[in-house]
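User: I'm new to reading protein models and I'd like to learn by looking at one. Could you walk me through it?

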Amino acid sequence: MTSSSKEKKKTKSGSPKTPCWQCGGMHYVRDCTYTKHVCRDCKQTGHKEGQTHHCAVDINGFQVTLQLDTASDITIVSKKQWKKNLGSPTLTPTTRTARTASGDAFHLLGELRYPIKLGGVTKTATFYVTNNSINLIGLDWIELFKLWDTPLSAICNQVHVADGQDNQIQVYKAAYPEVFKNGLGHCKKMKVRLYLKPDAKPVFKPKRPVPFTSMEKIDAELDRLQSLGIITPVDFSQWAAPIVVVKKPGGKVRICADYSTGLNAVLEPNHHPLPVPYDIFTKLNGCRYFSVIDLSEAYLQVEVDDDSKQLLTIITHRGLFRFNRLAPGVKSVPGAFQQLMNSMVADLDGVDTFLDDIFVASKTEEEHHKMLNAFKPTVSF
């Protein structure tokens, strides 16, 4: 009763409430109605969709990234972080047991007890190491560090736009005009090959009707793609997919192909893994300066080999065209493109990629500029 009356008094006096990390509302976490809510994104209980948060935590002098999770009773660190970020300290055998949300047993390799610095507060706390790729701040630490009434901004890192950012971008544009110039780049490092399943048979689909009002814009885009060498008209093909026209900001259109009509079903998948957010956050952990480079029409910069070009034939109101570059909508393209991007930045520290987005991160501004300058030859393909 005492706690409740004090809270009402604060509200009446106009004291600001704290933002809740479970739902984003302006109230204390202990009063949140989403405590038992099942998130539709991650299927875990205890937060609203889009309200998962990662925090940088100091464990015995080492930096790790953990996700707040009020549905977990214990704080968990993955074996990967235990090795890479903590230096593989000797684990103490644990009698603690854990289960997943579905009730399955969750194996714990052991436990550690170290000084933990979180939100400017240092306490000695226990956490558990698991083989799974899970890194969570559970209820034990939330209670220990009294996070229930702590604003999210006080414990999780924030990203601010650096002063003079626009001026610095202009400096790089002037230094490397070939990277930032208008037009389409051309990757000459490799050509992508598409592989058919052994029992694959050609699929030829008829063209789809095109609205008369869009005809002029579609013709203009076909002319642009042909002038750039991205597509080539052909007289005959055993393969053909109908086009899909997507409106772009500014009134222009993007021409894609609906390869789900046949080709995708007979293509061998590309098993190169796409990075998950946790992997990227781990690599960026501890950094203070960040840049994101977004490649323009990235797929269209990469060639396919001659045998694969015929598979990418499209049918339009002007006849057949063959793609000479990677075409959006092909199921094996994301893996092939990610493999190419990973190989191109493999020797660069502090650089990671997710498809056509390239992330550069550093601890100091001086180091950041050195990394961006070293990165220049790779960005230009």
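User: Let's start with A240. Is A240 buried or exposed?

Analyst: The general idea is to compare a residue's relative accessibility with a cut-off: under 20% is called buried. This is a predicted model, and in it A240 has a relative accessibility of 4%, so A240 counts as buried. A240 is found in the loop between strand 10 and strand 11.

User: Which residues is A240 in contact with, leaving aside its neighbours within four places in sequence?

Analyst: Here you look for contacts with residues from elsewhere in the chain. A240 is in contact with V203, F204 and K205, and also with T313, I315 and L320. You can check C-alpha atoms too: those of A240 and L311 are separated by 7.5 Å, with their positions 71 residues apart along the chain. For the protein chain, take the contacts with a separation of 6 or more: residues 24 or more positions apart account for 65% of them.

User: T313 came up there. What is the bridge partner of T313 in strand 16?

Analyst: To read paired strands, ask for their direction, then see who faces whom. Strand 15 and strand 16 pair in the antiparallel sense, over four bridges, and the partner of T313 is R322. These two strands form a hairpin, with two residues between them. Strand 16 also runs antiparallel to strand 10, joined by four bridges, and there P233 stands opposite F321.

User: How many residues lie between the strands in the hairpin of strand 17 and strand 18?

Analyst: Two residues, and L355 in that hairpin takes a positive phi near 55°. Strand 17 (351–354) and strand 18 (357–362) pair in the antiparallel sense over four bridges, with V351 opposite V360.

User: Now helices. Which residues of helix 6 are buried?

Analyst: First, the general idea: an α-helix has 3.6 residues a turn, so residues three or four places apart point the same way. In helix 6, the buried residues are I218, E221, L222 and L225. Seen down the axis, the buried residues of helix 6 fall within an arc of 100°, so they line one face of the helix. On the other side of helix 6, you'll find E216 and S227 exposed.

User: What do the buried residues of helix 6 pack against?

Analyst: They pack against four strands we can list: strand 10, strand 11, strand 12 and strand 15. As for length, helix 6 covers residues 215–227 and reaches 18 Å from its first C-alpha to its last, close to the 18 Å expected. Just after helix 6, G229 takes a positive phi of about 80°.

User: Let me try another loop residue. Where does D305 lie?

Analyst: D305 lies in the loop between strand 14 (302–304) and helix 9 (306–309). The same buried test works here: the relative accessible area of D305 is 15%, so D305 is buried.

User: What does the side chain of D305 make a polar contact with?

Analyst: With the side chain of S308, at 2.6 Å. Not counting residues up to four places away in sequence, D305 touches K191, V192 and R193.

User: And the whole chain? How many helices and strands does the protein chain have?

Analyst: The protein chain has 11 helices and 18 strands. Of its 381 residues, 40% count as buried. The protein chain exposes about 21,700 Å², and carbon and sulfur atoms supply 52% of that.

Note on methods:
Residues numbered from 1 in each chain as written. Predicted model: local features only at pLDDT ≥ 70, side-chain atom pairs only at ≥ 80, totals over all residues. Heavy atoms only, no water. Buried < 20%, exposed > 50% of the residue type's maximum accessible area, 1.4 Å probe, protein only. Polar contact = N/O pair within 3.5 Å; in protein donor to acceptor, adjacent residues only side chain to side chain. Contact = heavy atoms within 4.5 Å. Areas by Shrake-Rupley, 256 points an atom, 1.4 Å probe, with all protein chains shown as cover. Expected span 1.5 Å × (residues − 1). Arc of directions from axis to C-beta. Pairing = 2+ DSSP bridges.
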